[in-house]
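Please examine the sequence and the structure displayed here. The paragraphs that follow lead through them step by step.

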Amino acid sequence: MKKIAFIFTEAPHGSSAGREGLDALLATSALTEQVGVFFISDGVLQLLSNQQPDKILSRDYISTFKILPLYDIEECYICLEDLTVRGFSPDDDFILEAEFFSAAAIRQMLAGYDVVLKF
């Protein structure tokens, strides 16, 4: 079975990339258990709690990330450098438990996946 990586690179609101990526991730998890989720670049903002998308008339899909463990998706990683460049730290409040790795470590991990999908 192929290992599939989902990479979230877009900010949560302003495009539909995050919502579409989450939908694809949940659908794919029904077909394989070898799924990894990576949050890099502006994608690190996807997991911040206390977002208020209703203020910009946007749909709140962010809370759906909380159910990833119910779909047996447990390999979730955040790029530490991208997080700190944006003024956040691993001590901030996130809606999903994820591991923090350097960009170099994430590149090495991604090399072990057969398919990489970017949203």
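**Contacts around Leu 22**

Apart from neighbours within four places in sequence, Leu 22 is in contact with Phe 8, Tyr 61, Thr 64, Phe 65 and Leu 68. The coordinates come from a predicted model, and local features are described where pLDDT is at least 70. Leu 22 belongs to helix α1, which covers residues 17-29. With a relative accessibility of 2%, Leu 22 counts as buried, since buried means under 20% relative accessible area. One of its contact partners, Thr 64, is 42 residues away along the chain, yet the C-alpha atoms of Leu 22 and Thr 64 are separated by 8.1 Å.

The aromatic partners of Leu 22 lead on to a wider group of rings. Which residues form one aromatic cluster? The cluster consists of Phe 6, Phe 8, Phe 39, Tyr 61, Phe 65 and Phe 119. In the whole structure, a search finds 10 aromatic pairs. Among them is the pair of Phe 8 and Phe 65, which is edge-to-face, with 5.5 Å from centre to centre and 80° between the planes. Phe 8 is part of strand β1 (residues 4-8), whereas Phe 65 is in the loop between β2 and β3, so this pair ties together parts that are 57 residues apart in sequence. Phe 8 and Phe 65 are both buried.

Phe 65 also forms an aromatic pair with Phe 39, and this pair too is edge-to-face: the ring centres are 5.7 Å apart and the planes make an angle of 70°. Because Phe 39 lies in strand β2 and Phe 65 in the loop between β2 and β3, the pair ties together parts that are 26 residues apart in sequence. Phe 39, like Phe 65, is buried.

**The overall fold**

How are these elements arranged along the chain? From the N terminus on, they run β-α-β-β-α-β-α-β, and the secondary structure comes to 3 helices and 5 strands. The radius of gyration is 14 Å, close to the 14 Å that the globule rule gives for 119 residues, so the protein is as compact as a globular protein of that length. Along the principal axes, the C-alpha trace spans about 40 × 30 × 25 Å.

Buried residues account for 40% of the 119 residues. The accessible surface of the protein is about 6600 Å², and carbon and sulfur atoms contribute 50% of this area. Of the contacts between residues at least 6 apart in sequence, 75% join residues at least 24 apart. The aromatic pair of Phe 8 and Phe 65, whose parts are 57 residues apart, provides one example of a link across the sequence.

**Charged side chains and a buried threonine**

The structure holds 1 salt bridge. Which side chains meet in this salt bridge? They are those of Arg 86 and Asp 42, with a distance of 2.7 Å from N to O. Arg 86 is in the loop between α2 (80-85) and β4 (99-101), and Asp 42 is in the loop between β2 (35-39) and β3 (75-79), so the pair ties together parts that are 44 residues apart in sequence. Arg 86 counts as partly exposed at 28% relative accessibility, and Asp 42 is likewise partly exposed, with a relative accessible area of 32%.

Asp 42 is also one of the residues that Thr 9 touches. Leaving out residues up to four places away in sequence, the full set of residues touched by Thr 9 is Ile 40, Ser 41, Asp 42, Gly 43, Lys 118 and Phe 119. Thr 9 is found in the loop between β1 and α1. At 12% relative accessibility, Thr 9 counts as buried.

A further charged side chain is placed over an aromatic ring. Lys 3 lies over the face of Tyr 113, at 4.6 Å from the ring centre.

**Positive phi in the loop between β2 and β3**

The loop between β2 and β3 also includes Asn 50 and Asp 72. Asn 50 has a positive phi, near 65°, in a residue other than glycine. Phi of Asp 72 is positive as well, at about 60°, although this residue is not a glycine. Are these two residues buried or exposed? Asn 50 is exposed, with a relative accessible area of 70%, and Asp 72 is exposed, with a relative accessible area of 52%. Phe 65, by contrast, lies in the loop between β2 and β3 and is buried.

Conventions: Residues are numbered from 1 along each chain as its sequence is written. Side-chain values use heavy atoms; hydrogens and water are left out. A salt bridge is a side-chain nitrogen of Lys or Arg within 4 Å of a carboxyl oxygen of Asp or Glu. Helices (H or I, at least four residues) and strands (E, at least two) are DSSP runs, numbered from the N terminus. Buried means under 20% relative accessible area, exposed over 50%, partly exposed in between (1.4 Å probe, protein chains only). Rings of Phe, Tyr and Trp (its six-membered ring) pair if their centres lie within 6.5 Å; planes under 30 degrees apart count as stacked, over 60 as edge-to-face and the rest as tilted. A charge sits over a ring if NZ of Lys or CZ of Arg is within 6 Å of the ring centre and within 35 degrees of the ring normal. The radius of gyration is taken over C-alpha atoms; the globule rule is 2.2 Å times the number of residues to the power 0.38. Contact means heavy atoms within 4.5 Å. Accessible areas come from the Shrake-Rupley method with a 1.4 Å probe; for residues, only the protein chains shown count as cover.
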